[in-house]
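Trainee: I would like to learn how to read aromatic rings and enclosed spaces in a protein model. Could we go through one together?

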Amino acid sequence: MTGSADITIWIAFSAGILSFFSPCVLPLIPSYLTYITGLSFGQLKEAHPSTKVRVTVFLHSLTFIAGFSVVFIALGAIAGVASSTFQTHMREGLIWIQRIGGILIFLFGVHMSGLFHFGVLLGEKRVHVQRKPSGFVGTFLVGLAFAAGWTPCIGPILGGILTLAASSSGGYARGVILLSFYSAGLGIPFLISGVLFHGFLSFFNKFRKHIRIMEIVTGLLLMIVGVMLFFNMFGKLSGYLYRWLPMAG
């Protein structure tokens, strides 16, 4: 189970990174940064910003990440508790929980890739903060609102990880761990983009034409994870990895 757990943790972390590169997050990074820091776009894009600007961006970015992490981790805990409670009363049905979870994640992948769009996943669910309260409290609230915004492109990825948490054993602790790694995968690139904003703009101008490809790749990866969960293949894959990479154990 340890090996299998390690794989799902890396899947959750990778899903967070892929969420960052989704078309509803990556293009909006400049807007989020100017909104939460109160700095102008000109101040952010300077090649050599002052120490004060760097510290402001760093601290507000951390606070923003803390805001959305609280929501994601809470959702993971709820998914884990629901899974644990259900499994306690129906242990013999664990395989069916995994299969249903695998089907859901596969469908999330189909939606993400664009092969077929499911209306329930297309609805706009953003929570907007019209006027940001001043200071770090305001930035934290914006992070909470960001997490509540299950936009059409980030929703399937986050939904897939929550489904994985609900389909795994380990209860609320497992859900907390998976969503903590998901939040880290989303938060670390955001923090780097803020601190190195000038470099981020250069990267984004080159990368934005490939965003659709990233969506397709993300959808395919979700479909693969769904198939693996349906056929209970994580344990077998862990066995192969530990056989070929003994140092990992």
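Mentor: We will take ring pairs, then a cavity, and then a single residue. This is a predicted model, in which local features need pLDDT of at least 70, side-chain atom pairs count only at pLDDT 80 or more, and totals for chains, interfaces and linings use all residues. Residues are numbered from 1 along each chain as its sequence is written, and side-chain values use heavy atoms, with hydrogens and water left out.

Trainee: How many aromatic pairs are there?

Mentor: A pair of aromatic rings is described by the distance of the centres and the angle of the planes. Rings of Phe, Tyr and Trp (its six-membered ring) pair if their centres lie within 6.5 Å, and planes under 30 degrees apart count as stacked, over 60 as edge-to-face and the rest as tilted. By this rule there are 17 aromatic pairs. In one of them, the ring centres of F41 and F197 are 5.8 Å apart and the planes stand at 85 degrees, so this pair is edge-to-face. Because F41 belongs to helix α3 (residues 41-44) and F197 to helix α10 (residues 197-207), the pair ties together parts that are 156 residues apart in sequence; helices here are DSSP runs (H or I, at least four residues), numbered from the N terminus.

Trainee: Is F197 buried or exposed?

Mentor: Buried means under 20% relative accessible area, exposed over 50%, and partly exposed in between (1.4 Å probe, protein chains only). F197, at 2%, is buried, whereas F41, at 37%, is partly exposed.

Trainee: Which residues line the largest cavity?

Mentor: A cavity is a set of points, on a 1 Å grid over the protein atoms alone, where a 1.4 Å probe fits but cannot get out, and lining residues have an atom within 4 Å of a point. A volume is the space filled by probe spheres set on the points, which are joined across faces, edges and corners. The structure has one cavity of 30 Å³ or more, and the largest cavity holds about 40 Å³. Its lining consists of V25, I29, Y32, F64, F68, F146, L186 and F190. Helices α2 (29-37), α4 (51-89) and α9 (171-195) each supply at least two of the lining residues.

Trainee: What does F140 contact beyond its neighbours in sequence?

Mentor: Contact means heavy atoms within 4.5 Å. F140, in helix α7 (residues 135-148), touches T63, A66, G67 and V70 when neighbours within four places in sequence are left aside. The C-alpha atoms of F140 and A66 are 6.9 Å apart, although 74 residues separate the two along the chain.

Key:
On a 1 Å grid over the protein atoms alone, a cavity is a set of points where a 1.4 Å probe fits but cannot get out, and a pocket is an open set with protein on both sides within 12 Å along at least five of seven lines; lining residues have an atom within 4 Å of a point.
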